[in-house]
Amino acid sequence: MDYQNILFEKKNGIGYITLNRPDKLNALNWQTMQELGAVFTAMKDDSDVRGVILTGSGDKAFAAGADIKELSEMSPMQAKEYALEAQGILRLIEHFPKPVIAAVNGFCLGGGNELAMACHMRWASEHAKFGQPEVNLGVICGNGGTQRLPRLVGKNRAIELVISGNMIDAREAERIGLVNHVVAHDELLSACEAFLATVFKKGPVAVQLSLEAVQHGMEMTLEEGVAYEANLFGMAFSTDDMREGTRAFLEKRKAEFRGR
Ligand code: COA
């Protein structure tokens with residue numbers, strides 16, 4: 001597929017997706033959302049991709065939200081359909097079987113922050129700014145912001161952010177648990193790459209099952225979640241990687257995982 005609003009390349013096991021509307025601060029118009037859905041669908045079974053880094057083009061923004069021009073023209077039913085379809089695309093990212101890092105290089109607002117929160121982890125440039133400014137426009141979050149934000153930072157801080165529209169800087173985002181790490185602007189991609197390089201040395205099936213256990217488990221009661229984990233734990237014992245990993249430890253050598 002030819003993409004108009006995103007850039008995509010694969011290198012060293014990483015799928016790099018760059019939101020690419022810098023003149024509009026990478027605002028997520030519908031075309032961009034569709035392209036995100038398409039690229040994640042294409043990468044799912046692509047064995048050349050073992051992890052994903054999602055970032056924004058230019059120095060200024062990861063994504064400054066949904067495209068306000070498009071929003072301004074929507075009927076109530078179109079807005080509902082838009083929210084449902086966008087939520088489906090974010091669910092695809094959230095349940096992606098390989099690690100997805102948002103490399104937040106600037107403004108990360110509204111739908112941009114909702115997109116970043118659907119990724120498994122967030123690394124932020126020290127320039128990044130975060131917020132859910134929908135109330136400034138007389139609307140509310142529509143891509144899961146009211147649901148994922150409290151799960152990440154707790155109800156108190158989530159309510160503060162969604163009803164004020166206030167922006168917070170990268171350090172504050174790190175302090176409240178919205179981002180994993182803040183790094184120098186120029187080191188953003190290399191920091192994400194270094195983390196993925198560490199993950200790529202682990203058993204790929206175990207990484208996938210771990211992501212699944214956390215992601216699905218978070219949506220269950222504790223009792224259901226630990227039962228689900230036990231099933232996935234059992235499944236790990238069906239893999240060659242498990243035999244190799246345990247044997248390598250006992251033989252005091254490095255494991256050579258094959259992802260099966
Ligand atoms: N949707 C559509 N266009 C957007 C946009 C959005 N969410 N955010 C920025 N843009 C466009 C601006 O309209 C402007 O386009 P133009 O040059 O054709 O006029 C361009 O991006 C640059 O933005 P600008 O506002 O001039 O940059 P700034 O540095 O002065 O301000 C922000 C940066 C992020 C504070 C400001 O752009 C902003 O508040 N954006 C909207 C954020 C928002 O409410 N998002 C939630 C949407 S639900």
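This report covers the ligand site and the two domains of a predicted model.

## The shell around the ligand

The ligand has 15 residues around it. Those that come nearest are K24, K60, A64, A66 and I68. By class, the shell holds 10 nonpolar residues and five charged ones, with no polar residues.

Two elements of secondary structure each supply at least two residues of this shell. One is helix α2, residues 68-72. The other is strand β6, residues 107-109.

## Polar contacts and cover

K60 and I68, both among the nearest residues, also make polar contacts with the ligand. K60 uses its side chain: a polar atom there lies 2.6 Å from a ligand oxygen. I68 uses its backbone, where an N or O atom lies 2.9 Å from a ligand nitrogen. D23 also takes part through its backbone, with a polar atom 3.4 Å from an oxygen of the ligand.

On its own, the ligand has 860 Å² of accessible area, and the protein covers 60% of that.

## Two domains

The domain assignment splits the protein into domain 1, residues 6-199, and domain 2, residues 204-250. Their C-alpha centres are 27 Å apart. Domain 1 gives 10 residues to the contact, and domain 2 gives seven.

## The interface between them

The size of an interface is often given as the accessible area lost when the parts come together. Here, about 700 Å² is buried between domain 1 and domain 2. Carbon and sulfur atoms give 62% of that area.

Which residues of domain 1 lose the most area to domain 2? They are E94, H95 and P97. Together they account for 46% of what the domain 1 side buries.

Terms used:
Residues are numbered from 1 along each chain as its sequence is written. This is a predicted model: local features need pLDDT of at least 70, side-chain atom pairs count only at pLDDT 80 or more; totals for chains, interfaces and linings use all residues. Side-chain values use heavy atoms; hydrogens and water are left out. A residue is near a molecule or strand if one of its heavy atoms lies within 4 Å of it. A polar contact is a pair of N or O atoms within 3.5 Å; within protein, one must be able to donate a hydrogen and the other to accept it, and residues adjacent in sequence count only if both atoms are side-chain atoms. Accessible areas come from the Shrake-Rupley method with a 1.4 Å probe; for residues, only the protein chains shown count as cover. Helices (H or I, at least four residues) and strands (E, at least two) are DSSP runs, numbered from the N terminus. Ala, Val, Leu, Ile, Met, Phe, Trp, Tyr, Cys and Pro count as nonpolar, Asp, Glu, Lys and Arg as charged, and the others, Gly among them, as polar. Domain bounds come from an automatic or database domain assignment. Contact means heavy atoms within 4.5 Å. Buried area is the accessible area (1.4 Å probe) that two parts lose on being put together, summed over both.
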